[in-house]
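Dear colleague,

I am passing a structure on to you, and below it you will find some notes on what turned up when I went through it. Please keep the structure open beside you as you read.

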Amino acid sequence: MIRNAQNTDISRLAEIEVFGKRVAYRPIFQDDNGSFNLLQTQPIAEQYRQNPRLLDHISVYDDGIVKGLLNWKDYPENGRADEIELYCFYVEPFFKGQGIGGALLKHLCEDAEKNQKRAIYAWVLEENIPARRFYERNGFVADGRHGIVEGTTARNMCYVKRLEDIDG
């Protein structure tokens, strides 16, 4: 079941985010200090506790165990109110390959269409081939924009999924 995140999910959200980032980014950045000393669950959980509004745009996959999370925000780069950015999207590594990410993304797209959004954007590390393939399988296309991850030489790519024409 996909539902909105609740305060009772905070420690699990932090855990999924930390372990998801370690699995996805440690092979790319090769930064053990950043992956294991700087990236910790407690500060993330505390940020959610101090700012409960941060949970407003988080959906979780929960079948008795919270196995994945997806977070979005308005996409200000284009200056449009009808576009959103997917910026925190992780499935617990133990449960990858079970359709959880696809279900979360489908839920986001359906909700976005209901709320008259026209596009969803996601910035993905160029070297994160599994994530890029996942987005491409789910209808996202690279739009040609690139950026550098602050403080690194790693490149991000912008992916976009155009939603149904809401005007008919």
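**Notes on a strand and two cysteines**

In this model, which is a predicted one, L86 stands opposite A122 of strand β5. The strand to look at alongside β5 is β4, residues 83-91, since the two run parallel and are joined by four bridges. Together with helix α4, which covers residues 100-114, β4 and β5 form a β-α-β unit that is right-handed.

Strand β5 also pairs with strand β7, residues 155-162, although here the sense is antiparallel and the pairing extends over seven bridges. One place to find this pairing in the structure is W123, whose bridge partner in β7 is C158.

How enclosed is β5 by the rest of the structure? Of its seven residues, 119-125, six are buried, and it is therefore largely enclosed by what surrounds it.

The cysteines deserve a careful look as well. A disulfide is a covalent bond between the sulfur atoms of two cysteines. With a cut-off of 2.5 Å between the sulfur atoms, the count of disulfides here is zero. For C109, the closest cysteine sulfur is that of C158, and because it lies 14 Å away, it is too far for a bond. C158 likewise takes part in no disulfide, with the sulfur of C109 as its nearest, 14 Å away. Both residues are nevertheless buried, C109 with a relative accessible area of 8% and C158 with one of 1%.

With best wishes

Methods. Residues numbered from 1 in each chain as written. Predicted model: local features only at pLDDT ≥ 70, side-chain atom pairs only at ≥ 80, totals over all residues. Heavy atoms only, no water. Buried < 20%, exposed > 50% of the residue type's maximum accessible area, 1.4 Å probe, protein only. Pairing = 2+ DSSP bridges. Right-handed = clockwise from strand over helix to strand, strands pointing away.
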